[in-house]
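I set out to look up pockets, strands and a few single residues in this model, and I note here what I found in the order in which I looked.

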Amino acid sequence: AALAIELHDKRIAGSEEFSSLLQANIRELEMPYAEFNVDIKESINYGQFGKDSVQFLFSANKNVALRELSKVASGGEVSRIMLCLKAVNAKIIEMPSMIFDEIDTGVSGRIADKMGNLLDDLSKNLQIFAITHLPQIASKGNTHLLVYKEIDDKNVTNTHIKEIVGFEREKEIARMLSGSELTQAAFNNAKELLKK
């Protein structure tokens, strides 16, 4: 009981700063009116993590009441919130490495670019592995690894990975931008993304 009370008090003390940090990060990712809060209620039952009921509350839109995150956030909003959550945790916990597996699901364009900038900023203090299909994020990395599959002469599919650099990397970014038909515009855009 004493440990549960101590944990409850620590949660209450940390929730305001945590909510504020997370909300500020979320607003940077094209959700200027987003609100985030942590709702902590004591329950009568003890569990593995004390006796609190903890819910993340969220609203993406101006003048819309906060509701349970899992019930109101779209796929793209969840991706952005997860990235911000991991970014805040990484700064607090001081992790050496983080792996993001398609953290950019449901986003594109300017939002993807801002998410890429956030990942790039994180990479200044820890090692980041980002598995992505978005050129705005792939172009930000220092190292680009291409994962691909080939069928061998025994009709077995094998997965390969190789580092791509120079023109090969430009070509892959252009492919991510335009699909199977590579255009000069896609190459020009790829070069611009890689310059950033």
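Before reading any accessibility I fixed the terms: a residue is called buried under 20% relative accessible area, exposed over 50%, and partly exposed in between. The model is a predicted one, and I read every value below with that in mind.

**Entry 1: Glu 172**

I began with Glu 172, which has its place in helix α6. Its relative accessible area is 10%, and because the limit for a buried residue is under 20%, I entered Glu 172 as buried. When I set aside the neighbours within four places in sequence, I found Glu 172 in contact with His 144, Leu 146 and Ile 164. The name of His 144 in that list led me to the next entry.

**Entry 2: His 144**

I located His 144 in strand β6. Is His 144 buried or exposed? With a relative accessible area of 8%, His 144 is buried. I then looked for polar partners and found that the side chain of His 144 makes a polar contact with the side chain of Arg 169, at 3.2 Å. Leaving out neighbours within four places in sequence, I listed the contacts of His 144 as Ala 138, Lys 162, Glu 163, Ile 164, Arg 169, Glu 172 and Ile 173. One of these, Ile 164, is also the bridge partner of His 144 in β7.

**Entry 3: the pairing of β6 and β7**

That bridge made me follow the two strands along their length. I found β6 joined to β7, residues 157-164, by eight bridges, with the strands running antiparallel. Another pair that I noted is Lys 149, which stands opposite Thr 159 in β7. Between the strands of this hairpin there are five residues, and Asn 155 takes a positive phi near 65° in the hairpin.

**Entry 4: the largest pocket**

I next asked which residues lie closest to the centre of the largest pocket. The volume of this pocket is about 880 Å³. It is lined by 28 residues, and those closest to its centre are Ala 130, Ile 131, Thr 143, His 144 and Leu 145, so that I met His 144 here again. The elements that give two or more residues to the lining are α4 (109-122), β5 (127-131), α5 (135-138), β6 (144-151) and α6 (166-178). The largest share, five residues, comes from β5. By class, I entered the lining as 13 nonpolar, nine polar and six charged residues.

**Entry 5: the second largest pocket**

For the second largest pocket I wrote down about 180 Å³ of space. Its lining is made up of Lys 10, Arg 11, Gly 14, Ser 15, Phe 18, Val 38, Ile 40, Val 54 and Phe 56. I traced at least two residues of this lining to each of α1 (2-27), β1 (35-47) and β2 (50-59), and α1 gives the most, with five residues. The lining divides into five nonpolar, two polar and two charged residues.

**Entry 6: the sheet of β1, β2 and β3**

Since β1 and β2 had come up at the second pocket, I looked at how they pair. Three strands form an open sheet in the order β1-β2-β3, with antiparallel pairing. β1 and β3 (67-68) stand at the edges and have a single partner strand each, so one side of each is left without a neighbour in the sheet. I found nine bridges between β1 and β2, which pair in the antiparallel sense, and I noted Gly 50 in β2 as the bridge partner of Gly 47.

**Entry 7: Asn 89 and Leu 3**

I closed with two residues in helices. Asn 89 is found in α3, residues 75-93, and at 27% relative accessibility it counts as partly exposed. Apart from neighbours within four places in sequence, Asn 89 is in contact with Phe 18 and Glu 94, and Phe 18 is one of the residues that line the second largest pocket. Between the C-alpha atoms of Asn 89 and Ala 190, which are 101 residues apart along the chain, I recorded a separation of 32 Å.

Leu 3 lies in helix α1 and is exposed, with a relative accessible area of 68%. From Leu 3 to Leu 118 I recorded 36 Å in space, C-alpha to C-alpha, for two residues that are 115 residues apart in sequence.

Definitions and conventions:
Residues are numbered from 1 along each chain as its sequence is written. This is a predicted model: local features need pLDDT of at least 70, side-chain atom pairs count only at pLDDT 80 or more; totals for chains, interfaces and linings use all residues. Side-chain values use heavy atoms; hydrogens and water are left out. On a 1 Å grid over the protein atoms alone, a cavity is a set of points where a 1.4 Å probe fits but cannot get out, and a pocket is an open set with protein on both sides within 12 Å along at least five of seven lines; lining residues have an atom within 4 Å of a point. Grid points are joined across faces, edges and corners, and a volume is the space filled by probe spheres set on the points. Helices (H or I, at least four residues) and strands (E, at least two) are DSSP runs, numbered from the N terminus. Ala, Val, Leu, Ile, Met, Phe, Trp, Tyr, Cys and Pro count as nonpolar, Asp, Glu, Lys and Arg as charged, and the others, Gly among them, as polar. Buried means under 20% relative accessible area, exposed over 50%, partly exposed in between (1.4 Å probe, protein chains only). A polar contact is a pair of N or O atoms within 3.5 Å; within protein, one must be able to donate a hydrogen and the other to accept it, and residues adjacent in sequence count only if both atoms are side-chain atoms. Contact means heavy atoms within 4.5 Å. Two strands pair if DSSP finds at least two bridges between them.
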